[in-house]
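Hello,

Here is the structure we spoke about, with the sequence. My notes on it follow below.

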Amino acid sequence: MSSVKGKFLVFSGFILINLEMIVSANTGFSVSIYNVTSRNIYLRWSKFSGAFSYRIIATPVNTVGHSLLANFNDVPVVGILTSLTPNTVHNVKVEAIDKNGIILAEAQTMQLTAPEIPVIDQAYSKLSNSITVEWAAVPGATSYLLTAQDGESLIENTVINSPGTVTGLKAATLYKITIRSINSGGRSLPSPSKKAKTVLAAPVLSVSSPSYDSIVVRWEAVNMAVGFSVSIMRSDGLGSMMKENTTQTSLVFTSLDPGTLYTIKAHAWNVNGIPGDDFTYNQITSPHAPSDIQVAFDSGALRATVSWMPTEGTLNYSVTASCEASNLNCSTSSTSCTLASLHCGSEYSVYVVANNGAGSSKPTDAVSLRTVPCAPGSITIKEDSPGDLSVSWSNVDLGDYYVVFVKSDDGLEVHCNTSHTQCQFQSDCGFTYFISVFAYNKAGQSPLGDVFNYTTAPCCPSDFYPVFVSSNTVEIVWSPVRGAEMYETKAVDGIGIVLCNDTATICILSALHCNTQYNITVYSFNEIRGSNTSCSSKYVATAPCSPEIKNISKDDLSIISVHWQANNDEAMYTVTARGETGLWHCTNSGNSCSITDLPCGSVFSISAVASTTAGQSLPSSSVPLETAPCCPTNMTVTQVMQSIINISWSVGAGAQTYVTTLESPKGQIKCHTLQNHCLLGCITCATNYTVSLQVISESGLTSDCTYQDYSSSACCPSGVKLYRLGNNGIRIHWRASARSIKYSTDLYGSKGNFTCTPISGLSYCDVTEIPCGDVYTVVVSPVPERGSKLTFCPKKIYSVTCSGSSVGMVIYGGK
């Protein structure tokens, strides 16, 4: 038997066992297998034309045995081969035979038969949904098909070997069990059946832990059950097991440990006392409520951290904080939890519950949590008066007291602590204050509410002063003040108002009235607060009005008197004469003053100003003034001829024409000229003249200039003659015009010039050692007391001949 099985295994490794159809070559005749059992092969073939009958031959392959033969007429195309050897490969051949027994066609195939039919040793049920079957192994079987049938349903399971279990059955039900062996060729016929009944189903438990020390077990009634057995013990094996038998469908186990996992087992039994399936359930008891609850409140973040001691068997904890407004929750697996987003000004009741799979513990005793008060609202800021800042707000719940913080924009901060709803602060001008109000209680400080800013009015310029004052303009300067973005300067004189607006710290008030006192105020301004209207003022007087010059009189050539109309009794008046050569002044508090030492020949612009402690007026209208032309600084009188003199002088400033006058007892001689010199004739020699010069300007102003008297030269002698005097001398003789006159005689010749000057009173002069044989020009001139020799007296020409080596004749040659 074993050798046959080994041969089969070798053979089945290299042949195709389950060929459904083999077709005879070139005939179209075919055969196919449609069912195989341990000893039978069921086959069909195709009908072949001309066949009278068909013959089937099955021959074991590689196994000792006889071939089996079966014949069929031509009507059926199916057949069965029986009495074959189980678990054996057979060569199955089908032949088509005609009437004469001749084989017309054939087709063949190889087929393995199924293993032998197994025999059930026993069948029993341990679980309500299955029956276990035991049998002896069948050679060649690769698997087995178990079948359970209860008359209504058929359930099959394929198994590999014994024992095998058929599952998917109904509890407490009687089944007919059969088994078939299977290989690659097919499966055997069913074995003889055995009956087996499934045990009772396990009760399906519903378990809960209503309290930390109890577990309640419930179940539905089980079909065919007459009683139940339930046991419970700690899953960790500690402690003892508790077991209860009952005909009811519920049990309560008490005196358990809180938060502890218990294993619960239950089964039912039938009237025979056979137990059914076990049902195992793990159930944890509810946890004990946590203890030692601590609440730490974080006032800045409006949150609270709740902590407690851990409890056995807790998966997580739930913390609840409740108040009238809302409930807040947090869950954690640790022993602390943070409740965020608490409401300010609220009082919470905080409790903790431990949770696990069984449920929740009882809540802990509530712990009171009082949060910080809410930020005060309805904050109003008023400046009742400059420097007095008032902050008020509405009352808040749970607020014990309030603190107001006021921080100025320079970083300085002050605060006010009060149980009331108002605080007073001192404020300075030009500051922006940032104001926040906090409420406090034992829990801490309220959250930051709205931060308000309040800007006080800008400071007033207090050091403004005039730097320039005129009769119609006042220039005011001041130092910058805190908080000011713009300044307004106002000048009031009781009649009108003059305004000046600028961002600079200087203002020029123009178009003012002269000699008027103004009340001047400098106001500061910014966009937030507007203008500071509490600024103080100062009185500033404008300079006096400009005086009006009424007339100018000339007291002398170099002195003028200026008269004006005085319009301010307190003013000092200054008159200025402005010319090309400089300035001249006079000052008086009345209505006139005199300017002296004005230069001649100049044009002046005369103006007057009035001055007071307030300032200086604008100048009056200018009045032109021209002084008389200047007398020339020097004059020269030169006698050109005996009857003609030339008078010259330096230019006089401001002069256009000149009139020269020579006056003597004998008469007057004048010369009017544009030049600075003049020739005058008809001069009498040896006469004293008075010389004067009148200088006339372009506008007709005159200056009379008097100079030192002038005496004309002595008269030239007449009757000049030359006489021979000795061998080599000449005497010149003339007729003198006056006895006391001194004369000088000059002889000019080609051989030499000769001069002689006799003493006063003589009317001749001798020249000795004069060369003869020459023509001489002879001039006899009076000698002036001062100055050079006169050259205008008549000249006479004489020819002096020689007589031998001595002077010969002297011959007159004319003039």
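Strands here are DSSP runs of at least two residues in state E, numbered from the N terminus. With that in hand, Pro163 can be placed: it sits in the loop between strand S12 (154-159) and strand S13 (164-167). Please keep in mind that this is a predicted model.

Overall make-up

The protein has 70 strands and one helix. Its radius of gyration is 81 Å, well over the 28 Å that the globule rule gives for 815 residues, so the protein is more spread out than a compact globule. Along the principal axes, the C-alpha atoms fill a box of roughly 230 × 95 × 45 Å.

Of the 815 residues, 43% are buried. Among contacts with a separation of 6 or more, 58% are between residues 24 or more positions apart. The accessible surface is about 41,500 Å², and carbon and sulfur atoms hold 50% of that surface. As for charge, there are 58 negative and 47 positive side chains, and the centres of the two sets are 13 Å apart.

Thr132 and Pro163

Thr132 is part of strand S10, which covers residues 130-135. Is Thr132 buried or exposed? Its relative accessible area is 13%, and the cut-off for buried is under 20%, so Thr132 counts as buried. The side chain of Thr132 makes a polar contact with the side chain of Thr165, at 3.2 Å. Leaving aside residues up to four places away in sequence, Thr132 touches Gln122, Ala123 and Tyr124, and also Pro163, Gly164 and Thr165.

Pro163, one of the residues that Thr132 touches, follows a cis peptide bond: the bond from Ser162 to Pro163 has omega near -10°.

Positive phi outside glycine

Which backbone angle is worth a look at Met224? Phi is positive there, at about 75°, although Met224 is not a glycine. Met224 lies in the loop between strand S17 (214-219) and strand S18 (227-234). Its relative accessibility is 44%; partly exposed runs between the 20% and 50% cut-offs, so Met224 falls in that class.

Leu398 also has a positive phi, about 65°, and is not a glycine. Leu398 is placed in the loop between strand S32 (388-392) and strand S33 (401-408).

Regards

Note on methods:
Residues numbered from 1 in each chain as written. Predicted model: local features only at pLDDT ≥ 70, side-chain atom pairs only at ≥ 80, totals over all residues. Heavy atoms only, no water. Helix = DSSP H or I, 4+ residues; strand = E, 2+ residues; numbered from the N terminus. Rg over C-alpha atoms; globule rule 2.2 N^0.38 Å. Buried < 20%, exposed > 50% of the residue type's maximum accessible area, 1.4 Å probe, protein only. Contact = heavy atoms within 4.5 Å. Areas by Shrake-Rupley, 256 points an atom, 1.4 Å probe, with all protein chains shown as cover. Lys, Arg positive; Asp, Glu negative; His and termini not counted. Charge placed at Lys NZ, Arg CZ, Asp CG, Glu CD. Polar contact = N/O pair within 3.5 Å; in protein donor to acceptor, adjacent residues only side chain to side chain.
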